[in-house]
Amino acid sequence: MAMAMRQKALGTLGMTTNEKGQVVTKTSLLKQMEELIEEPGLTCCICREGYKFQPTKVLGIYTFTKRVALEEFENKPRKQQGYSTVSHFNIVHYDCHLAAVRLARGREEWESAALQNANTKCNGLLPVWGPHVPESAFATCLARHNTYLQECTGQREPTYQLNIHDTKLLFLRFAMEQSFSVDTGGGGRESNIHLIPYIIHTVLYVLNTTRATSREEKNLQSFLEQPCEKWAESSFEVDGPHYFTVLAMHILPPERWRATRLDFLRRLLVTVHVRKVSPGGTNKLTDKAVKEYAVYRSPLLFWGLVDLIYDMFKKVPTSNTEGGWSFSLAEYVRHNDMPIYEASERVLRAFQDELMPAESFSEFLDVVGLLSEIPDPDGFLQDLLNSVP
């Protein structure tokens, strides 16, 4: 009887005994248990499963979004409003989030969610489109996230343009060394570097499904062809050089970025110089004296982060794909959560250990590998400012 009981107990665990009486695995249960420990990629902070074991359940990233002016230097009494998003980069299934909210009776939705989000304030759940998640499920979750955005910002309709501004404001936090956690109580550079590919993916999804990429290509081309007579004035526009530099990541394949990246750098440097000497707005640059490095540091770091993000996506196939770069990049983000997570960490290390410590324009150019194209950094800056009327 004891042997029979033993066999029954082992059987429920997917095991049995061999002729020597040794315990052996009968089924793949143990193997599954071992695999469960090794769920690769993004995993839910509640059930601990990700897209390997729950391939069709949508994962989301807890985010915190607040209403802000899109451009603090906009030269108007009432500035255009948008929103700014940060994250502690905690991942959760939409289903698990809603189940936890239901269980926490009496607690408001985001009060309950903060407990899963390392006690960090949140008010949104940005969906991550997994390889086997049906588009309809992802689109439903994205619509829910947009509703969350409307509720917490009062923004009538979140658009992909506002999401590009959102990414721009996130990059500016990196470039200006601002806090990511002042409103939330948690999440720093590391959490937010991981958020970037998924905000980019959200923009790409809308660009691709609404077939807006060709229109944005034309907008980028118009920006790059803008005569230098307009440069001073455009330094105060909402859709100015910072906006277009971020838009470029979504539209221009890496070879086009490499061919035009100096043009974006010139525009960013002129923008901060003009803002420094004429903070109230101007359409002419009168003070053309080169300022100290501290004035130009934030646009250089901003540009440098965009360049590093391009490097992060260097394995994205760019040729012979229907829909071009925007489609290829969206597909890459969708299918490569683990490589992207690791690449994000490399981007942050390069940003913090190489770009941030640079103490002069020439040192920065040396770090990013541009000294061969700009052998005389001081002369380049002076010539650039002299070229702006």
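How does the lining of the second largest pocket divide by class into nonpolar, polar and charged residues? The answer is in point 5, after the sheet and the helices.

1. Basis. This is a predicted model, in which local features need pLDDT of at least 70 and side-chain atom pairs count only at pLDDT 80 or more, whereas totals for chains, interfaces and linings use all residues. Residues are numbered from 1 along each chain as its sequence is written, and side-chain values use heavy atoms, with hydrogens and water left out.

2. Sheet. Three strands, in the order S4-S3-S5, make an open sheet with antiparallel pairing; strands (E, at least two residues) and helices (H or I, at least four) are DSSP runs numbered from the N terminus, and two strands pair if DSSP finds at least two bridges between them. Strand S4 (81-93) and strand S5 (124-128) are at the edges with a single partner strand each, so one side of each has no neighbour in the sheet. The twist averages 35° from one strand to the next. S3 and S5 are joined over five bridges, and leucine 126 in S5 is the bridge partner of isoleucine 61.

3. Helices on the sheet. H6 packs on the sheet and touches S3 and S4, its direction making about 80° with that of S4, where contact means heavy atoms within 4.5 Å and angles run from 0 to 180 degrees between N-to-C directions, with axes fitted to C-alpha atoms, for helices over the stretch in contact. H7 lies across S3, S4 and S5 and runs at about 110° to S4.

4. Helix pair. Helix H3 (residues 94-103) packs against helix H5 (residues 135-153) at an angle of about 50°, the axes being 12 Å apart. H3 is therefore oblique to H5, a class left after roughly parallel (under 35 degrees), roughly antiparallel (over 145) and roughly perpendicular (65 to 115). Tyr94, His97 and Leu98 of H3 meet Cys141, Arg144, His145 and Tyr148 of H5.

5. Second largest pocket. A pocket is an open set of points on a 1 Å grid over the protein atoms alone, where a 1.4 Å probe fits, with protein on both sides within 12 Å along at least five of seven lines, and lining residues have an atom within 4 Å of a point. Of the 14 residues lining the second largest pocket, Tyr205, Asn208, Thr209, Phe327 and Glu331 lie nearest its centre. The lining has four nonpolar, five polar and five charged residues, with Ala, Val, Leu, Ile, Met, Phe, Trp, Tyr, Cys and Pro counted as nonpolar, Asp, Glu, Lys and Arg as charged, and the others, Gly among them, as polar.
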